[in-house]
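User: I'm new to this structure and would like to take a good look at one small part before moving outwards. Could you walk me through it in plain words?

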Amino acid sequence: MFTLRSLVANASLKLRVLVPGPEGAMDEPVVWVHNTELPDPSPYVRERELVLTNGLWAGQATPAEFVASVRLARAAGIVFGLRAQTPRTPPELVAACRDTGLPLLEIAQAVPFTEVSQAVSAMYADQRQRALAGMVRRGDALATAISRGAGPSGVLDVLRRDHELPLAVVDRTGRVLAAAGADLDDAQAGAVTAGLARRPPALEVELDRAATRAALFPVGAVGDVDAALVCLRPLSGLDPAEQAALEQAARFLSLEVAKQQAVQAIEMRFAGELLEMVLSGGQRTAEVAGRLQAFGVDAAGPLAVSALAFAEPEPATLPGLAEVAGEFLSASGIPALVAGGTQDVVSVLSWRHPEPELPLLAERLLAAVGRRFPGRRVVAGLGGVAPHAAGLRQPLLHAREACRVLRRSPSGPAVRSFAELGTHRLLLGLVDSETLRGFSRDLLGPLREHDARRGSDLEPTLRAFLDHDGQWAATAAALHIHVNTLRNRLAKITELTGRDVGRTEDRVDLFLALAVETG
């Protein structure tokens, strides 16, 4: 596009500014020129076109009426061409333009309107040539950056040489792969991923409550969006050159993201095979140490194992969970192998700290996962520490089993080691969740109905009795009731459930039914 100021600067056109219009009007973009002598050109003039006229409409409309129609079309301004019959611009036209704030230029009698059209065409041709040259130059720079391994950060650096825009690259799991002039927090990155998840993907999203809007340029293969080039400006705030540059950069980022995903897929498969080697035992165990070394993990030193997953009823894992774990451990300076699967994400890490510090690390990891996946409960099972790679099998089995049990617990601690779970929790973990809930509901349902109908405290009494190992006096004291009252309540519990709290096997049933509810 061109501007009125750029036209006036062309000395060959001999243009003179009679009415500059409001402040900045001379520098606003103009889309084209429109030659007309109609008394009302508004139906034919496009928005931001420059109207060229010799005033032949004078016998059919007044200057004020003509200016009003041009203004109605939202034109960029008027160029009045002098001729022998009108050697000066009509003062009424000047006054009408001044009154309405419409820019008015005057062109000499010796200069035909065709020269204006030719000058505008030359401007457009020059702009297209410069835009094409810039795109080719930028494309070469982007290709060079990617070939040299500069990654998404290198792409943003190239882009910002021409356009000083706040930019970031966010993948579909919410990871910020690169940023330049922008600082996205987890919530804002989550807003981007939500926009990418739409079908079709959003081209603009609101990042936060402050109504910060950002333009999204999808990154990925056709029909598969893997990430977005994010510009912290609304689409309406980007000019055509900036939009073209962002779209070009997004295409190059597609190549880079595809390359990264291929590398990650290979690493995940490599890590998954290592876990299979650990579990299978036998001759393949000898290969474990070498594979761990490839991930920077000291196979001869102590190794800790953890398994994390989302609690039921959520799927155990989601895309990006393994990446979050890997990023967290890397940022913590801990060499680790991370393997993602459908049931859990397993981390094998070098661990030269006291074993009691491992749960603290796991809790920080779960906090990082929670920020990336808000609203979902995530749990981690710890398998303990192996002295070296040859002893990994047992900690791996324990970590995964502890994680599986925690997944089925509706509440309670999110981090537990295998040893902390207790035998009854491990047994409950072997049974389908719906079956367990049905067992608990059938056994404890009569108590709860009685408590709800009569306002009694049979269920709390049962919990207290089991918590105090069946000791009558201790239970009565804890409940602040007489022992005879406790006897009456326990008798009612036996009547309603069919389980005698005086018999060990019946106590076990009641204990397990309560454990299902408390996790």
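Where is Thr317 found, between which strand and which helix? Please carry on from there into whatever surrounds that spot.

Analyst: Sure. Two bits of housekeeping to start. What you see is a predicted model, in which local features need pLDDT of at least 70 and side-chain atom pairs count only at pLDDT 80 or more, while totals for chains, interfaces and linings use all residues. Residues are numbered from 1 along each chain as its sequence is written, and side-chain values use heavy atoms, with hydrogens and water left out.

Now to your spot. Thr317 is in the loop between S13 and H9. Those labels stand for DSSP runs numbered from the N terminus: helices (H or I, at least four residues) and strands (E, at least two). Although it belongs to a loop, Thr317 is buried, because its relative accessible area is just 15%. The cut-offs are these: buried means under 20% relative accessible area, exposed over 50%, and partly exposed in between, using a 1.4 Å probe and protein chains only.

What surrounds Thr317? Setting aside neighbours within four places in sequence, Thr317 is in contact with Phe310, Gly341, Thr342, Gln343, Asp344 and Val345. Contact here means heavy atoms within 4.5 Å. Gly341 from that list deserves a second look: its backbone oxygen lies 2.8 Å from a polar atom of the Thr317 side chain. For reference, a polar contact is a pair of N or O atoms within 3.5 Å; within protein, one must be able to donate a hydrogen and the other to accept it, and residues adjacent in sequence count only if both atoms are side-chain atoms.

Following the chain onwards, we come to a hairpin. S14 and S15 make it, with 4 residues between them. The two strands run antiparallel and share 5 bridges; two strands pair if DSSP finds at least two bridges between them. To pick out one of these pairs, Ala339 has Val346 in S15 as its bridge partner. S14 is largely enclosed by the rest of the structure, since 4 of its 5 residues are buried.

Zoom out a little and the hairpin turns out to be part of an open sheet: 5 strands in the order S14-S15-S13-S16-S17, with mixed pairing. The edges are strand S14 (336-340) and strand S17 (415-417); each has a single partner strand, so one side of each is left without a neighbour in the sheet. From one strand to the next, the twist averages 20°. If "pairing" is a new word, strands of a sheet pair through backbone hydrogen bonds, either parallel or antiparallel. At the S17 end, strand S16 (residues 378-386) pairs with S17 in the parallel sense over 3 bridges. Here Gly381 stands opposite Arg416 in S17.

Helices pack on this sheet too. Helix H7 (residues 240-280) touches S14 and strand S15 (345-350), and its direction makes about 95° with that of S14. Helix H11 (residues 393-407) touches strand S13 (303-310), S15, S16 and S17, and its direction is at about 160° to that of S16. Axes are lines fitted to C-alpha atoms, for helices over the stretch in contact, and angles run from 0 to 180 degrees between N-to-C directions.

H7 and H11 also pack against each other, at an angle of about 110° and with their axes 8 Å apart. That makes H7 and H11 roughly perpendicular; angles under 35 degrees count as roughly parallel, over 145 as roughly antiparallel, 65 to 115 as roughly perpendicular and the rest as oblique. Where they meet, H7 brings Leu275, Val278 and Leu279, and H11 brings Arg393, Leu396, Leu397 and Arg400. Sorted by type, the residues of this contact are 5 nonpolar, no polar and 2 charged. In that sorting, Ala, Val, Leu, Ile, Met, Phe, Trp, Tyr, Cys and Pro count as nonpolar, Asp, Glu, Lys and Arg as charged, and the others, Gly among them, as polar.

Finally, back to the helix on the other end of your loop. Helix H9 (residues 321-331) has Leu321, Ala322, Glu323, Val324, Ala325, Phe328 and Leu329 buried. These buried residues pack against H7, S13, S14, S15 and helix H10 (358-372). Just after H9 comes Gly333, with a positive phi of about 75°.
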